[in-house]
Amino acid sequence: MMRLERRHETSRAALVLAPIGAVVFTMAVSALLVLWAGAPVGRTYALLLQGGFGSVFAWSETLTRAIPLILTGLAATVAFKARLFNIGAEGQLYAGALAAVAVGGMHGGTGFELSPWLLFPLMMLAAAIAGALMLLGPALMKNRLGVDEVVTTLLINFIVLLGVSALLDGPMKDPSAMGWPQSVSLQSDLELGKLVAQTRVHTGLLWAVSLAVTVWAVFKYTVLGFDIRAVGANARAAAFAGVPVTRTVVMVALLSGALAGLAGAIEVAGRTSYVTLDMSPGYGYTGIVIAMLAGLHPLGVIAAGVFVAGVLVGADTMSRAVGVPTYIADVIVAASLIAVLVATLLTQYRVRFK
Amino acid sequence: MNTTTVLRLEGITKRFGSLVANDAISLDLQAGEVLALLGENGAGKSTLMSILFGHYVADEGSIEVFGAPLPPGNPKAALAAGVGMVHQHFTLADNLSVLDNVMMGTEPLWLPVSRRAAARTRLLDVAQRFGLPVQPDVQIGSLSVGERQRVEILKALYRGARILILDEPTAVLTPQESEALFATLAQMVAQGLSVIFISHKLGEVLRVSHRVAVLRGGKLVAEARTADTTQAQLALWMVGHAVEAPQRRPARSVGDAVCVLDHVSTVSDKDGGQDHSAGLREVSLTLRAGEITAIAGVSGNGQVALAELLSGTRRAISGTAQFMGRALPPSPARLVQRGVARIPEDRHAVGVVGDLPVWENAVSERLRSPVFSHWSWLVKRTATRLHARRIEKAFDVRGAGLMAPARSLSGGNMQKLILGRALLAPEQPEAAKGDDNRKHPNRAPRLIVAHQPTWGLDIGAVAYVQQQLIAARDAGAAVLLISDDLDEVLALGDRVAVMHGGRLGEARPATAWTREAIGLAMAGATAPRSKGAAT
């Protein structure tokens, strides 16, 4: 029989060994699958690493991919910190992307005759508000009616995607797209500049990093940050101490939704310039993984986002070279999440066999 | 007395990290005796019993029950060997009948029919044999606490327990119910059963046990025949040094009314009946400056509602509640602002946010005040840390420092942190002095609401908390002390009122009460007795 016992104190060694053990475990599990696919393990991993981080080009692709992941990771971090389980970042991302295009691309590209200096902040604001509104409903329903937000936010994703589909075939359809369901494009003067010439990395990376630092500062230095952490850790005690629990949860919902909405706007402005139905390969869901990998630490989200992006990008290269399906990247990400969660558990509990 | 050894613990040692919870403890239990296991919280009583009952596995040592070794870590084996446990917090399903609760888990799941008739006969038989009258078909939810405890005992006996472990059984009982329990125990041991009676109350240990084993700091420090010992001797063993009984000092000067409740209800009579004890019914109470008003009562009779009402976490639905001549604000933050210090019953679940560091918990109630934040938004790091340090010093909070999570504090130190947070006024910045003091809660509290402030603390911490309450009273605060512990109520209360079924009796001077009168009032002697009682 096996049992878990709470450790009296967490040793320093355990804190150091836990992440190392998690990495080793992940590599070992994924290696089995690589072997199964009939590829040499060492070379596969080397190719994956090289494809993700081995060259300037690899880094540029990884960072490009990391931008939306960091933002959705932040969205999940803010929400989960207050125990508001927002599974709807995917839908909020699309809502933000649509709002960005609605402000910055419709009206025959005239942009309401506004200067881009005014239109750009309007576009970002619209995206943030659109994302925030997506989460406001579930947060209020959780608070007033006790409706589980995991269910509502998850289901809203599907509604949003269907709505996007309708819009892309209707009012927002790009007439010059040869019948493809894709939205009109943003005005070109609203697009984000490139960070490095000849690559796809855009200044959205600066947005993502500075938002991560902002969230970190809010958590650490503000009353709202204390409220969020207190409500998440123990809502009853927080309420007793005078924290306005409902208001905090609503604030968290608005912030989290806004971050996911910005992820959509920044993807549009920085990479695609229009909305399609396959614009996000599940960035909203991967954001949850990234938040957990980062231990809900906003700065950790940057590292976790880059790591996951690197694995996803590297897997493409690796797949072309050795013929292991790119799904191995999903397995690595998933296994690393489980490994980190178990490792964290083991720093707090010990396993006893008898 | 028979001298058959029914239970033998041999060199039981259990470590949690660097903490030795049980250190080579050896104990015998004879047939037909009540062995009292005495010790303060954290002395290792619960750990030892959890090992016996199979919840924990001992690092060293062995257990023999009726001469046969007991396999470690297996509650089922313990049950089968005849060890029964009655936990302090009952493990009964409120929405099922007595019979259902007793049968639960005794029948194999794949049996097509439940043998209720046989079970009923057996239950009634057991009940009669041990003098524990019971109505098998009454729902648990409609029973009083004493009756529920009886069902717990019956549950153990029904499963054939020959050794019964009672964990702090009198904590939830009125004095009269405790007497009834002692009579039951006497009848059980007369029939050859053995009882381990866990307690930290010296009086009842002397009253009920044949032998006493005293634990302190995980070690068995003394074992004696109860007849050969005294209360002072037991206290000395338990604490390790001489104990001063808390001294009763009457209030010096009683001032004006600080808080007045007038016919306050938190439930309406329409939804009454079933949930008769949870809310307040037409409660009137006046709390005066410089006086401790103590509320006695069996837990679950509305004390929680009263404490929550005055802590800002529950609203009244009728009646008026006034504080300093104005309506009592139904919000914790505003109560704190206006000078209410609150000490909640459950310090782990409500008092502190365990995962957050000590310093944040120390200032959590006043974080929005201009003393601790700019524009109620940006936390002033220096001011908050300084105040946390002041609390740590003034209230002697000992732990791993201000940055450690509050969860890591011991119960006593956690309570000192909560006391300090509630009682110690922040030092006000010079510029803010003279401003509207509603925004600057820089004074000593006017009202202290303390709900079970000493529950589960060791004797030293109990004395400390009680002294602080008396000191605050002498400094002119009105103190409301809500406690299940009759000794505490009588030791501290200047006036005492008794709560039963959500109603509060008249607050009379403590000297006007006798223990017996309080006991009767706690049982609701003046109010109609609850129906559905199994007696």
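**Close-ups of a predicted two-chain model**

**View 1. Strands β7 and β8 of chain B side by side.** Here β7 (residues 163–167) and β8 (residues 194–199) of chain B run parallel, joined by five bridges. This is a predicted model, so keep that in mind for every view. Which residue of β8(B) is the bridge partner of B:D167? Look for B:I198.

**View 2. The whole sheet of chain B.** Pull back a little and β7 and β8 turn out to belong to an open sheet of six strands in chain B, ordered β6-β7-β8-β3-β9-β10. The pairing in this sheet is mixed. In general, strands of a sheet pair through backbone hydrogen bonds, and they can do that parallel or antiparallel. Which strands stand at the edges? In chain B those are β6 (83–86) and β10 (219–225); each has a single partner strand, so one side of each has no neighbour in the sheet. On average, and ignoring direction, neighbouring strands here are turned by 20 degrees against each other.

**View 3. Two helices that pack on the sheet of chain B.** Start with helix α6 (residues 175–190) of chain B, which touches β3 (34–38), β7 and β8 of that chain. The direction of α6 makes about 150 degrees with that of β8(B). Then find helix α8 (residues 231–239) of chain B, which packs on the sheet too, touching β3, β9 (211–216) and β10 of chain B. For α8, the angle with the direction of β9(B) is about 30 degrees.

**View 4. The domains of chain B.** The domain assignment splits chain B into domain 1 (5–239), domain 2 (246–339 + 445–535) and domain 3 (347–437). Taken over C-alpha atoms, the centres of domain 1 and domain 3 of chain B are separated by 41 Å.

**View 5. Where chain A meets chain B.** How many residues does each chain bring to the contact? Chain A gives 21 and chain B gives 31. On the chain A side, the elements giving two or more residues are α8 (223–233) and α9 (235–240) of chain A. By class, that side of chain A has 11 nonpolar, four polar and six charged residues.

**View 6. Chain A on its own.** Chain A is built with 13 helices and two strands. Its radius of gyration is 21 Å, close to the 20 Å that the globule rule gives for 354 residues, so chain A is as compact as a globular protein of that length. Along the principal axes, the C-alpha atoms of chain A fill a box of roughly 75 × 60 × 35 Å. Of its 354 residues, 49% count as buried.

Note on methods: Residues are numbered from 1 along each chain as its sequence is written. Chains are lettered from A and ligands numbered from 1 in the order in which they are written. This is a predicted model: local features need pLDDT of at least 70, side-chain atom pairs count only at pLDDT 80 or more; totals for chains, interfaces and linings use all residues. Two strands pair if DSSP finds at least two bridges between them. Helices (H or I, at least four residues) and strands (E, at least two) are DSSP runs, numbered from the N terminus. Axes are lines fitted to C-alpha atoms, for helices over the stretch in contact, and angles run from 0 to 180 degrees between N-to-C directions. Two residues are in contact if their C-beta atoms, placed from the backbone, lie within 7 Å. Domain bounds come from an automatic or database domain assignment. Ala, Val, Leu, Ile, Met, Phe, Trp, Tyr, Cys and Pro count as nonpolar, Asp, Glu, Lys and Arg as charged, and the others, Gly among them, as polar. The radius of gyration is taken over C-alpha atoms; the globule rule is 2.2 Å times the number of residues to the power 0.38. A residue is buried if 20 or more other C-beta atoms lie within 10 Å of its own, exposed if 12 or fewer, and partly exposed in between; C-beta atoms are placed from the backbone.
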